[in-house]
Amino acid sequence: MTAQLPLWAANLAVFDTETTGIDTNEARIVSATIALLGPAGDVVERYDWLLDPGVEIPEAAMRVHGISTEIARASGIDAAVGVQQIATQLLEMIERGFPVVSYNAPYDLSLLVAEAARYRVPLPGDLAPIIDPLILDKQFDRYRKGKRTLEAVSAHHGVEIGNAHDAGDDAIAAGRVLQVIARKYADVIPGELDELHRSQVAWAAQQAASFQEYMRKARDPAFVADGRWPVRE
């Protein structure tokens, strides 16, 4: 018998970005998706953006998401306008009572906070409630071998990802992965969103500390893992 989906996981706002790089303080948003998923993982609402980031999109980033500087300049909206719209839509989802699912949340949310500051877009630093399937997967299946990329974790949980590194497909896959995890661990996962958010803050710190300890012993005595979640400023 399949476990029942917890009430808090029935309707989820999902969020993902594709960007110019990996440094959240310097990278710019190139594309983004916010969608609302229903109980069966169905897409109820979807909002997509293509931005002209105002800077060159490096070749390495273009190879990941397929969006060139030329495409972004020709078809993307002004970055300041796009960041404003993304922030507004994300806050609207939270105000409507939907938790925001973001895989490896400190990347996308820290980036959005930095972009919002760059364009003077109001955005609270304490975004909540956020749910990060990466943190939950590590917490409840901590001894599983293998990678924890969205592609790998989606495959493990039987979720089709579509086009990996497409903001829309990645966001939707992350939400569906979360619903699988929520069902699978319904008996141990916190039942209230506020408690779940707080728990992830602690779990992220613990996971980072554990990884740092391993890396210092195995590879680099000076290695530092940042355990701040969901935003690193």
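Helix H8, residues 193-218, has 26 residues, and at 1.5 Å a residue these should span 38 Å; the C-alpha atoms at its ends lie 37 Å apart, which agrees with that expectation. The structure is a predicted model, and the points below go from this helix to the sheet and then to the nonpolar cores. The sheet is open and is formed by 6 strands with mixed pairing, while the largest nonpolar core has 63 residues.

**Helix H8**

- The buried residues of H8 include Leu193, Leu196, Trp203, Ala204, Ala208 and Met215, and among them are also His197, Ser199, Gln200, Gln207 and Gln212.
- These buried residues of H8 pack against strand S6 and against helix H5, which covers residues 133-140.

**The sheet and its edges**

- Read across the sheet, the strands follow the order S4-S3-S2-S1-S5-S6.
- Strand S4 (77-78) and strand S6 (130-131) stand at the edges with a single partner strand each, so one side of each is left without a neighbour in the sheet.
- Strand S3, made of residues 43-52, pairs with S4 in the parallel sense over 2 bridges; along this pairing, Leu51 stands opposite Ile77, and Asp52 stands opposite Asp78.
- S2 and S3, in turn, pair in the antiparallel sense over 7 bridges, and Ala32 has Trp49 in S3 as its bridge partner.
- S2 and S3 also form a hairpin with 5 residues between them, and in the turn Gly41 has a positive phi of about 80°.
- Helix H4 (residues 105-118) lies across strand S1 (12-19), strand S2 (29-37) and S6, and runs at about 75° to S1.

**The nonpolar cores**

- In soluble globular proteins, nonpolar side chains tend to be buried together.
- Within the largest nonpolar core, which has 63 residues, those with the most contacts are Trp8, Phe15, Ile86, Ile131 and Leu136.
- Helix H7, residues 167-184, supplies the largest share of this core, with 8 residues.
- A second, separate core has 5 residues, including Val30, Ile57, Ile67 and Ala72.
- When neighbours within four places in sequence are left aside, Ile86 is in contact with Phe15, Ile29, Ala32, Ile34, Trp49, Leu51 and Leu112; two of these contacts, Ala32 and Trp49, are bridge partners, and another, Leu51, stands opposite Ile77 in S4.

How values were computed
Residues numbered from 1 in each chain as written. Predicted model: local features only at pLDDT ≥ 70, side-chain atom pairs only at ≥ 80, totals over all residues. Heavy atoms only, no water. Pairing = 2+ DSSP bridges. Helix = DSSP H or I, 4+ residues; strand = E, 2+ residues; numbered from the N terminus. Contact = heavy atoms within 4.5 Å. Axes fitted to C-alpha atoms, helices over the stretch in contact; angles between N-to-C directions. Core = buried A, V, L, I, M, F, W, Y, C linked by side-chain atoms within 4.5 Å. Buried < 20%, exposed > 50% of the residue type's maximum accessible area, 1.4 Å probe, protein only. Expected span 1.5 Å × (residues − 1).
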